[in-house]
Amino acid sequence: MFLTAAKKQPEGPFSVLVDNEASRENVTRAARNSGFDVTESEENGIWRLEISRQA
């Protein structure tokens, strides 16, 4: 998910949707380790991870 989106838009911003806690943690960790900021929002068990390049 994250890696595919990051390859298509290496400077971001982009969103990733996940439906479980483990995926949310994994995508957030991968994004932050790759130099991105992550903003999370959750609705009805679906997390939207807004990912953008750190300033």
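Let's start with a polar contact: the side chains of Arg24 and Glu40 are joined at 2.9 Å. Keep in mind that this is a predicted model.

Where does Arg24 sit? It lies in helix 2, residues 21-33. Is Arg24 buried or exposed? Its relative accessible area is 14%. Buried means under 20%, so Arg24 counts as buried. Leaving aside residues up to four places away in sequence, Arg24 touches Val18, Glu40, Trp47 and Leu49.

Now the sheet. Three strands form an open sheet, in the order 1-3-2, and the pairing is antiparallel. Strand 1 and strand 2 stand at the edges. Each has a single partner strand, so one side of each is left without a neighbour in the sheet. Neighbouring strands are turned by 20 degrees against each other on average, direction ignored.

Let's take the pairs in turn. Strand 1 covers residues 14-18. Five bridges join strand 1 to strand 3, residues 46-53. One pair to look at here is Phe14, whose bridge partner in strand 3 is Ile51.

Next, strand 2, residues 36-43, pairs with strand 3 over eight bridges. Among the pairs, Phe36 has Arg53 as its bridge partner in strand 3. Ser41 stands opposite Arg48, also in strand 3. The hairpin of strand 2 and strand 3 has two residues between the strands. Look at Asn44 in that hairpin: it takes a positive phi near 55 degrees.

On to the core. In soluble globular proteins, nonpolar side chains tend to be buried together. How many residues does the largest nonpolar core have here? It has 13. The residues with the most contacts inside it are Phe2, Phe14, Val27, Phe36, Leu49 and Ile51. Which elements supply this core with at least two residues each? Helix 1, residues 2-8, does, and so do strand 1, helix 2, strand 2 and strand 3.

Phe14 deserves another look. Beyond residues up to four places away in sequence, its contacts are Phe2, Ala5, Ala6, Gln9, Phe36, Leu49, Glu50 and Ile51. So Ile51 is a contact of Phe14 as well as its bridge partner.

Last stop: Val16, in strand 1. Its relative accessibility is 5%, so Val16 counts as buried. How far apart are Val16 and Val27 in space, C-alpha to C-alpha? The distance is 8.3 Å, and in sequence they are eleven residues apart.

To close, back to the opening pair: Arg24 in helix 2, with its side chain in polar contact with that of Glu40.

Technical notes. Residues numbered from 1 in each chain as written. Predicted model: local features only at pLDDT ≥ 70, side-chain atom pairs only at ≥ 80, totals over all residues. Heavy atoms only, no water. Helix = DSSP H or I, 4+ residues; strand = E, 2+ residues; numbered from the N terminus. Buried < 20%, exposed > 50% of the residue type's maximum accessible area, 1.4 Å probe, protein only. Polar contact = N/O pair within 3.5 Å; in protein donor to acceptor, adjacent residues only side chain to side chain. Contact = heavy atoms within 4.5 Å. Pairing = 2+ DSSP bridges. Core = buried A, V, L, I, M, F, W, Y, C linked by side-chain atoms within 4.5 Å. Axes fitted to C-alpha atoms, helices over the stretch in contact; angles between N-to-C directions.
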